[in-house]
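Please open the model in a viewer with the sequence panel visible. The tour below proceeds by selection, and each stop states what is to be found there.

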Amino acid sequence: MVTVTQPGQRRTPKVAKTNSVAKKAVVAVTGIIMVLYLIAHMIGNLKVFAGRESFNGYSEWIRTIGEPAVPAQTTLTIIRIVLLTVVIAHAWAVISLWRQAKRARPHGYVTKKAVAQSYASRTMRWGGVIVGLFIIYHILDLTMGVANPEGPNGTPYDRLIAGFSNPLITAVYVLALVLLGMHLRHGIWSATQTLGQSNKRRERTVNLFALVFSVVLIGGFLIVPFSVLFGLVG
């Protein structure tokens with residue numbers, strides 16, 4: 001973003017700059033943690049192609065990690081708490097940075113010109129809100145089963161098949177995953193900038209990696225609902 005400001009505009013205090021850097025680091029680090037979780041989650045989803053017993057066995061294994069040293073679902077509960085904390089920290093930092101930027105320019109700029117600003121970057125915040133709402137729906141649907149056609153008493157495999165056999169439900173997942181991919185692509189690029197792992201010479205490589213990684217990861221998620229919808233899995 002190239003901007004022309006009015007003469008005498010107040011410079012950003014050093015404390016504010018330091019806070020911004022810290023918050024950007026929170027966004028980057030929490031984003032990396034969520035990406036690692038998405039990779040593991042995508043790999044687990046692909047076990048549906050191994051059949052009902054394999055997928056249900058994997059789902060049960062997740063709930064019993066650490067037994068008999070710890071009670072059932074202890075490890076899973078810890079993972080969920082960590083993920084919830086990460087998501088909240090990520091959202092807090094993003095919203096805080098946005099509000100901080102708004103306060104820094106309450107009257108707007110005299111001239112504003114967008115430079116290499118992608119659709120994903122312009123809709124980063126709203127895309128994050130939509131993805132957040134999707135996560136809640138996803139938990140109610142496939143994790144808890146209360147929003148799933150099979151109901152909460154069905155097995156994880158049965159809930160997955162029942163949900164993605166419905167074209168409307170599949171369309172919701174596809175839309176949310178595409179938005180997630182856009183959010184992820186821009187997020188990876190932003191994280192490399194924040195953590196100092198990119199520069200002008202490597203910018204094209206970073207952009208390409210972010211695009212390819214996002215397409216592969218989201219493609220890994222999308223192949224499951226499409227396979228169910230078109231009868232390749234069932």
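## Starting at helix α6

Select residues 156-164, which form helix α6. Seven of the nine residues in this helix are buried, so α6 is largely enclosed by the rest of the structure. The buried positions are Tyr-157, Arg-159, Leu-160, Ile-161, Ala-162, Gly-163 and Phe-164. Please note that this is a predicted model.

## The whole chain

Zoom out and colour the chain by secondary structure. Eight helices and two strands are present, and along the sequence they follow the pattern β-α-α-α-β-α-α-α-α-α. Of the 234 residues in the chain, 31% are buried. Among contacts with a separation of 6 or more, 72% are between residues 24 or more positions apart. If a surface is displayed, the accessible area of the chain comes to about 14,900 Å², and carbon and sulfur atoms contribute 67% of that area.

## The salt bridge between α2 and α6

Return to α6 and select Asp-158 together with Arg-52. These two residues form a salt bridge, in which the closest N and O atoms are 2.2 Å apart. Arg-52 belongs to helix α2 and Asp-158 to helix α6, so the pair ties together parts that are 106 residues apart in sequence. In general, side chains of opposite charge can pair when their charged atoms come close. How many salt bridges does the structure hold? The structure holds one. Arg-52 has a relative accessible area of 42% and is therefore partly exposed, as the value falls between 20% and 50%.

## Along helix α2

Extend the selection from Arg-52 to residues 52-63, the whole of helix α2. This helix has 12 residues and spans 17 Å from its first C-alpha to its last, close to the 16 Å expected at 1.5 Å a residue. Now show the side chains of Phe-55, Asn-56 and Ser-59, the buried residues of α2. They cover an arc of only 95 degrees around the axis, which puts them on the same side of α2. As a general point, an α-helix has 3.6 residues a turn, so residues three or four places apart point the same way. Rotate the view to reach the other side of α2, where Glu-53 and Trp-61 are exposed.

## Ser-20 in helix α1

Next, select Ser-20 in helix α1, which covers residues 14-45. Is Ser-20 buried or exposed? Its relative accessibility is 16%, so Ser-20 counts as buried. Apart from neighbours within four places in sequence, Ser-20 is in contact with Leu-97 and Gln-100.

## The loop between α5 and α6

Move to the loop between α5 and α6 and select Pro-152. At 49% relative accessibility, Pro-152 counts as partly exposed. With neighbours within four places in sequence set aside, Pro-152 is in contact with Met-144, Gly-145 and Arg-159. A distance label drawn from Pro-152 to Leu-142 should read 8.8 Å, C-alpha to C-alpha, for a pair 10 residues apart in sequence.

Val-146 has its place in this loop as well, between α5 (124-143) and α6. With a relative accessible area of 55%, Val-146 is exposed.

## A nonpolar surface patch

For the final stop, keep Val-146 selected and add Trp-126, Val-129, Leu-133, Ile-135, Ile-136, Ile-139, Leu-140 and Met-144. Together with Val-146, these residues make a nonpolar surface patch of about 870 Å².

Definitions and conventions:
Residues numbered from 1 in each chain as written. Predicted model: local features only at pLDDT ≥ 70, side-chain atom pairs only at ≥ 80, totals over all residues. Heavy atoms only, no water. Helix = DSSP H or I, 4+ residues; strand = E, 2+ residues; numbered from the N terminus. Expected span 1.5 Å × (residues − 1). Buried < 20%, exposed > 50% of the residue type's maximum accessible area, 1.4 Å probe, protein only. Arc of directions from axis to C-beta. Contact = heavy atoms within 4.5 Å. Patch = residues over 30% accessible without salt bridge, like charges linked within 9 Å, V, L, I, M, F, W, Y side chains within 5 Å. Areas by Shrake-Rupley, 256 points an atom, 1.4 Å probe, with all protein chains shown as cover. Salt bridge = Lys/Arg side-chain N within 4 Å of Asp/Glu carboxyl O.
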